[in-house]
Amino acid sequence: MTNINVIEAVRSYINRMIEDCGPSIKGLVMDKETASIVSMVYAQSEILQKEVFLFERIDIAGQKSLKHLSAICFLRPTEENIQSLVRELREPKYGSYFIYFTNFVEMSDIKILAEADEFECVRVVQEFYADYLAINPHLYSLNIPLTYQKNYEWNENTLRRTVQGLMSLLLSLRKKSATIRYQKSSNMARILADKLFSTLKRQVDFSTPNPNDINQTIVLIVDRREDAITPLLNQWTYQAMVHELIGIKNNRVNLNQVPGITKELEEVVMNAEYDEFYANNLYSNFGEIATNIKGLMEHFQEKHKSQSKIESIGDMKVFIENYPQFKKLSGTVSKHVTIVSELSRLVGQYHLLEVSETEQHLVCQGDHNEVVQKIKRLIKDDKIREIDILRLLSLYALRYERHASNELNTLKYEAQKHRRLSDKYIQFLQALLEYGGSKFRQADLFNTQTPMAITRQFIRGLRGVDNVYAQHVPLIKDLIDQLLRGKLKDTSYPNVNSKEQVVSQQNLLQQGQIVKPSEIIIYVIGGVTYEESYHIQMMNKQSARILLGGSYLHNFSSFIDEVLDGAPSTLSAASHELLSTRRR
């Protein structure tokens, strides 16, 4: 059975749009969000080969008259886009319009468009459910950087957008039936699960699966607050490292801060669909990347030598035929050598190996006195960045929140004394315990609360790890392991589906039968990380069929903003008071 693939799902919709338009010259009209959706799965050069010669944004004024072109309008069904289409249809600049919405569109909006189409230019109005970013085949995002409103609750607009995104995901994968489970300790997870189920049932006659069905799809909704540890950690696989230390946004990496960068490399595209080296090294660790980049360089040098030997007409012909591939290889080499060099510079300059080793020790082993001494020493090391000191203080705050000898205030005082942490960082430390502290969590993140968890951690320690910088295992992996074995507790992750199905599943359990899903679709309120993506990919390699997604793809910097944005107002006031007291 093949893996479920969100990139292929979105690409198939775009292919159908272009094919439906026929063999004419075409323009592709998008909004800000659909422009990102398309760019994640298709290179512009590839779309050009399909007779699409113009790319426009509906919210930006473009060409005046293009009657010889057909317009493919790929848009989210928002009020703004409907109004923009109405204006467009009243004064049409294209010869014909093929309109595709990424989600369900209201009949009232269809009527408004029909009334505006006085020149009868519209040929097609359809719903193509591609309302999410496909990042990797198993990884998707709704591109919502800030999920929470104050006190970590839903904002109505964000909830609506989340439901729309998940509906489109399920429909793009042709899912008309699934079991929806959610994290019981999260009010936001419960609300989303209920809203998703009721909306699906109303819109597409979504059904609950037969409990005896061996091909069950499970949608698992969890809250990032259950595991605030994972977004705090430094990363050591290629894709995750680039995002953590430089930043990836819609497959683009901005390198303008790199010392001595050339103009053509200030922004580069990192898309595994079109970059073989990147595809082969997404999950390679830092040491492997250095070896592999050397191999790429040697391959390029060999090609360069052969290209420079032009001694006959035949050689010229071969050179011309091979030049596009040579130029592409040259660009690939320049891009990856620049990025790997910059990663190496940052790792060395800011002692990130030492920082990461301390992070892993703190999270996975954690002798308290030893951890405190290590953090104090790193605070005094001028080479360590403020953001990495914040990581360590954050990890310490969560790990030792209820420790009898908790020294968080002492460590914060040391950090202020030697560094003067910014107001934002101090507020984050205050907010983090409210966000993901022990009073919210139901999971034993550090394997310290039950004899079984302590035994599991002990066994992991005995086995050892291949990489001291990759000891941490995200909570998501443990949850999926339990789900695949049919062991994830209904008391912690209940089922939102009909009472009949719940009773039927309970009867199966009483008979000793375990319900194991054939497919799992995960949604994380508050965002996911590339570390979690790596673990899901490794599980898929062993024949699991899992999709991972969330509101956003976080690195530590964006996660700080996420936590602060939903922090209670009283907490912000307390932080300001704390800061002003210290400054006096």
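**Exercise 1. A positive phi outside glycine**

In which loop is R420 found? State its phi and decide whether R420 is buried, partly exposed or exposed.

Solution. The model is predicted.
- Step 1: R420 sits in the loop between α15 (408–419) and α16 (423–436).
- Step 2: Its phi is near 60°, a positive value in a residue other than glycine.
- Step 3: Most residues other than glycine have a negative phi.
- Step 4: The relative accessible area of R420 is 49%. The cut-offs are under 20% for buried and over 50% for exposed, so R420 counts as partly exposed.

**Exercise 2. A second case**

Locate N151, give its phi and classify its exposure.

Solution.
- Step 1: N151 belongs to the loop between β8 (148–149) and β9 (153–154).
- Step 2: Although N151 is not a glycine, its phi is positive, about 70°.
- Step 3: With a relative accessible area of 46%, N151 is partly exposed.

**Exercise 3. Packing of α4 and α5**

Describe how helix α4 packs with helix α5, using angle, axis distance, handedness and contact residues.

Solution. Two packed helices are described by the angle between their axes and the distance between the axes.
- Step 1: Helix α4 (residues 79–90) and helix α5 (residues 107–116) have their axes 8 Å apart, at an angle of about 20°.
- Step 2: Angles under 35 degrees count as roughly parallel, and α4 and α5 are therefore roughly parallel to each other.
- Step 3: Their crossing is right-handed.
- Step 4: From α4 the contact takes I82, L85, V86, L89 and R90, and from α5 it takes D109, I112, L113 and A116.
- Step 5: Sorted by class, the contact of α4 with α5 holds seven nonpolar, no polar and two charged residues.

**Exercise 4. Packing of α14 and α21**

Repeat the description for helix α14 and helix α21.

Solution.
- Step 1: The axes of α14 (residues 386–399) and α21 (residues 556–565) lie 12 Å apart and make an angle of about 60°.
- Step 2: That angle makes α14 oblique to α21.
- Step 3: The crossing in which α14 passes α21 is left-handed.
- Step 4: On the α14 side the residues are I387, L390 and R391; they meet F556, S557 and I560 of α21.
- Step 5: The contact of α14 with α21 comprises four nonpolar residues, one polar and one charged.

**Exercise 5. Burial in two helices and what follows them**

List the buried residues of α8 and of α18, and give the phi of the glycine after each helix.

Solution.
- Step 1: In helix α8 (residues 238–245), eight of its eight residues are buried. These are Y238, Q239, A240, M241, V242, H243, E244 and L245.
- Step 2: G247 follows α8 and has a positive phi, near 110°.
- Step 3: In helix α18 (residues 475–484), L475, I476, D478, L479, I480 and L483 are buried.
- Step 4: G486, just after α18, has a positive phi of about 70°.

**Exercise 6. The chain as a whole**

How many helices and strands does the protein chain have, and what are its values for burial, contact range and exposed area?

Solution.
- Step 1: There are 22 helices and 15 strands.
- Step 2: Of the 584 residues, 53% are buried.
- Step 3: Take the contacts between residues at least 6 apart in sequence; 83% of them join residues at least 24 apart.
- Step 4: The chain exposes about 27100 Å², with 49% of that area supplied by carbon and sulfur atoms.

Conventions:
Residues numbered from 1 in each chain as written. Predicted model: local features only at pLDDT ≥ 70, side-chain atom pairs only at ≥ 80, totals over all residues. Heavy atoms only, no water. Axes fitted to C-alpha atoms, helices over the stretch in contact; angles between N-to-C directions. Helix = DSSP H or I, 4+ residues; strand = E, 2+ residues; numbered from the N terminus. Parallel < 35°, antiparallel > 145°, perpendicular 65-115°, else oblique. Left-handed = near helix turned anticlockwise from the far one by under 90°. Contact = heavy atoms within 4.5 Å. Nonpolar A, V, L, I, M, F, W, Y, C, P; charged D, E, K, R; others polar. Buried < 20%, exposed > 50% of the residue type's maximum accessible area, 1.4 Å probe, protein only. Areas by Shrake-Rupley, 256 points an atom, 1.4 Å probe, with all protein chains shown as cover.
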